[in-house]
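Here's a quick briefing to read alongside the model. Have the viewer open and follow the topics in whatever order suits you.

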Amino acid sequence: MRPRVKRQEVDVSGITWEDILKKLAYDVQTGTFTQIAHHIESDDVLNENDEIVLTKNAPPTIICEGHKSPFVFNKVITAMKKLGMSEYHTYISFCEDAPTFGRHNDDSDVMIVPVIGTVSYDVEGLGLGNVDLYPGDLLYIPKYCYHAPRVYGPRATLSFS
């Protein structure tokens with residue numbers, strides 16, 4: 001299959017920043033999150049100790065990987081399960097040009113659903129160059145297809161596989 005975009009395919013209208021932050025709080029408590037951070041140059045370190053490093057870089061992108069989610073996510077999760085997607089992650093960024101994985105491919109099919117904010121993807125084989133995705137849009141990326149996300153501002157995106 002080829003990559004494709006479907007506009008306003010998924011109803012995400014009930015998902016708010018409060019729901020996203022609840023998801024983040026749960027994953028912080030359970031240790032089921034990771035982050036993508038900018039490379040830190042020694043000049044960027046403002047202060048550090050054994051537990052933290054204070055830098056002047058942009059905030060990281062946070063990836064929530066836990067299985068517990070706010071109830072309002074259920075509609076989207078159920079729709080994706082019907083399409084054969086069993087796992088998902090929540091990507092949270094708080095500013096423009098927040099770090100991402102960059103150009104990469106995955107070893108399984110992926111469906112991207114923005115829920116808050118706009119994110120752009122450059123997808124090999126899509127034929128559109130960069131495509132902006134808005135809440136409710138659905139981007140299908142076949143396994144091993146190279147793609148690169150770009151963040152334009154605060155956003156929350158669900159990635160299903």
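Which residue in S12 is the bridge partner of Thr90? That would be Leu158. Keep in mind that this is a predicted model, so what follows describes the prediction. The notes below go through the strands, then a buried aspartate, a buried arginine, the salt bridges and two backbone oddities.

**S6 and its partners**
- Strand S6 covers residues 88-93 and is mostly covered, with five of its six residues buried.
- S6 pairs with S12 through six bridges, and the two strands run antiparallel.
- S6 also pairs with strand S5 (residues 61-64), again antiparallel, this time through three bridges.
- In that S5 pairing, look for Ile62, which stands opposite Ile92 of S6.

**The three-stranded sheet**
- S9, S8 and S11 make up an open sheet, in the order S9-S8-S11, with antiparallel pairing.
- The edges belong to S9 (130-133) and S11 (147-151); each has a single partner strand, so one side of each has no neighbour in the sheet.
- From one strand to the next, the twist averages 25°.
- Strand S8 (residues 119-123) and S11 are joined by five bridges, and one pair to look up is Val119 with Val151 in S11.

**Asp137, a buried acid**
- Asp137 sits in the loop between S9 and S10, and its relative accessible area of 1% makes it buried.
- Its side chain has a polar contact of 2.7 Å with the side chain of Arg7, and that pair also counts as a salt bridge.
- Arg7 is in the loop between S1 and H1, so this salt bridge ties together parts that are 130 residues apart in sequence.
- Unlike buried Asp137, Arg7 is partly exposed, at 44% relative accessible area.
- The Asp137 side chain also reaches the backbone nitrogen of Tyr134, at 2.9 Å.
- Leaving out residues up to four places away in sequence, Asp137 touches several others, including Lys6, Gln8, Glu9, Ile112 and Asp132.

**Arg155, buried without a salt bridge**
- Arg155 belongs to strand S12 (residues 155-160).
- Arg155 is buried but has no salt bridge, and Asp97, the nearest side chain of opposite charge, is 11 Å away.
- Beyond four places in sequence, its contacts include Trp17, Thr61, Tyr91, Ser93, Ile116 and Val119.

**Other salt bridges**
- The structure holds six salt bridges, among them the Asp137 and Arg7 pair.
- Glu18 and Lys22 form another, at 3.8 Å from N to O.
- These two are four residues apart in helix H1, so about one helical turn separates them.
- Glu18 is exposed at 53% relative accessibility, while Lys22 is partly exposed at 48%.
- Arg103 and Glu124 also form a salt bridge, with their closest N and O atoms 3.1 Å apart.
- That pair links distant parts of the chain, 21 residues apart: Arg103 is in the loop between S6 and strand S7 (110-116), and Glu124 is in the loop between S8 and S9.
- Arg103 is exposed, with a relative accessible area of 56%, and Glu124 is partly exposed at 42%.

**Positive phi outside glycine**
- Gln8 is not a glycine, yet its phi is positive, near 50°.
- Gln8 lies in the loop between strand S1 (4-6) and helix H1 (17-30), and is exposed at 57% relative accessible area.
- Tyr144 also has a positive phi, about 70°, without being a glycine.
- Look for Tyr144 in the loop between strand S10 (138-141) and S11.

Key: Residues numbered from 1 in each chain as written. Predicted model: local features only at pLDDT ≥ 70, side-chain atom pairs only at ≥ 80, totals over all residues. Heavy atoms only, no water. Pairing = 2+ DSSP bridges. Axes fitted to C-alpha atoms, helices over the stretch in contact; angles between N-to-C directions. Buried < 20%, exposed > 50% of the residue type's maximum accessible area, 1.4 Å probe, protein only. Polar contact = N/O pair within 3.5 Å; in protein donor to acceptor, adjacent residues only side chain to side chain. Contact = heavy atoms within 4.5 Å. Lys, Arg positive; Asp, Glu negative; His and termini not counted. Salt bridge = Lys/Arg side-chain N within 4 Å of Asp/Glu carboxyl O.
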